[in-house]
Amino acid sequence: MNTQKTVLIVEDEKNIVDILRFNLQREGYRTLEAYDGESGLAQAVSANPDLILLDVMLPKMNGFDVCRSLRNQGSNVPVIILTAREEESDKVLGLEIGADDYITKPFSMRELIARVGANIRRTAMAAPAATAAASAMPVAGDLSINTDSHQVFRGGKAIDLTQREYELLTFLASHPNKVYSRISLMEQVWNYGYVGDDVRTVDVTVRRLREKIEADPANPVYILTRRGAGYYFAV
Ligand code: CA
């Protein structure tokens, strides 16, 4: 039962599309292409791909607007933003508007293929909520996690998390009350060797996670901040 997954590439640089298509097809993916934001959005809606690789700087409509528009329409398709290395604000903005992940150009094809696989697996494994909720492990309060289906529940209701949000939550929850610095989280959850200013993406992800799992995100009870030290999962 190996159903072929479809990746929509939205990128205006022909040579990048060519190399992405070649490598994705070699890995067994079906690919679709769009060379501007408007047709990217149209194809995302009409073709219902399993994942979208989305460039930021695009003709007609930029990648952020494409992503925002998809999320506003209720689409949960995994979106990986392709951004230039220098554009730090792009990464943060991308996560804020609901992208699942980002990858910086020039990217390693091996890393890109790995991210594509991880982000598709997350949605493919989502089991029917009732079944998954019943076998989810209680973590703290009314929060429970099903590590088989990668689903998180609050009061028995499924919460839609991105792959990174899920990984950050499960990492912190599996080391309760232990404080991790942003750099350490970047290394252990994001698996990035190079850190630099990227630590801001940890703050953004924590904030988005709190908005989803906390009853009152301004006064969190699960993921807490230890000022000057980092974040921890409180039990
Ligand atoms: Ca571009």
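**Exercise 1. The calcium site**

Does Asp55 count as buried or exposed? Determine this for the predicted model, and then describe the site to which Asp55 belongs.

*Solution.*
Step 1. The relative accessibility of Asp55 is 4%. A residue is buried under 20% relative accessible area, so Asp55 counts as buried.

Step 2. Identify the protein donors of the calcium ion. They are Asp12 (OD), Asp55 (OD) and Met57 (O), and they lie 2.1 to 2.3 Å from the ion. Along the chain, these donors follow the spacing D-x42-D-x1-M.

Step 3. Place two of the donors in the fold. Asp12 belongs to the loop between strand E1 (6-10) and helix H1 (14-26), while Asp55 belongs to strand E3 (residues 51-55); the pair therefore ties together parts that are 43 residues apart in sequence.

Step 4. Examine the accessibility of Asp12. With a relative accessible area of 33%, Asp12 is partly exposed, whereas Asp55 is buried.

**Exercise 2. The sheet**

State the strand order of the open sheet and identify its edge strands.

*Solution.*
Step 1. The sheet is open and has 5 strands, arranged in the order E2-E1-E3-E4-E5 with parallel pairing.

Step 2. Strand E2 (30-34) and strand E5 (101-105) are the edge strands, since each pairs on one side only.

Step 3. From one strand to the next, the twist averages 20°.

Step 4. Consider one pairing in detail. E3 and strand E4 (residues 79-84) run parallel and are joined by 4 bridges. Within this pairing, Ile52 has Val79 of E4 as its bridge partner.

**Exercise 3. Helix H7 and its contact with H9**

Explain why helix H7 is described as largely enclosed, and characterise its packing against helix H9.

*Solution.*
Step 1. Helix H7 spans residues 163-173, and 9 of its 11 residues are buried; it is therefore largely enclosed by the rest of the structure. The buried residues are Gln163, Arg164, Glu165, Tyr166, Leu168, Leu169, Phe171, Leu172 and Ala173.

Step 2. Two packed helices are described by the angle between their axes and the distance between the axes. For H7 and helix H9 (residues 199-213), the axes come within 10 Å and cross at roughly 85°.

Step 3. Angles of 65 to 115 degrees count as roughly perpendicular, so H7 is roughly perpendicular to H9.

Step 4. List the residues in contact. H7 contributes Arg164, Glu165, Leu168 and Leu169, and H9 contributes Thr205, Val206, Arg208, Leu209, Lys212 and Ile213.

Step 5. Sort these residues by class. The contact of H7 with H9 has 5 nonpolar, 1 polar and 4 charged residues.

Technical notes:
Residues are numbered from 1 along each chain as its sequence is written. This is a predicted model: local features need pLDDT of at least 70, side-chain atom pairs count only at pLDDT 80 or more; totals for chains, interfaces and linings use all residues. Side-chain values use heavy atoms; hydrogens and water are left out. Buried means under 20% relative accessible area, exposed over 50%, partly exposed in between (1.4 Å probe, protein chains only). Helices (H or I, at least four residues) and strands (E, at least two) are DSSP runs, numbered from the N terminus. Donors are N, O and S atoms within 2.8 Å of the metal (3.2 Å for Na, K and Ca); water is not among the atoms, so sites may look incomplete. Axes are lines fitted to C-alpha atoms, for helices over the stretch in contact, and angles run from 0 to 180 degrees between N-to-C directions. Angles under 35 degrees count as roughly parallel, over 145 as roughly antiparallel, 65 to 115 as roughly perpendicular and the rest as oblique. Contact means heavy atoms within 4.5 Å. Ala, Val, Leu, Ile, Met, Phe, Trp, Tyr, Cys and Pro count as nonpolar, Asp, Glu, Lys and Arg as charged, and the others, Gly among them, as polar. Two strands pair if DSSP finds at least two bridges between them.
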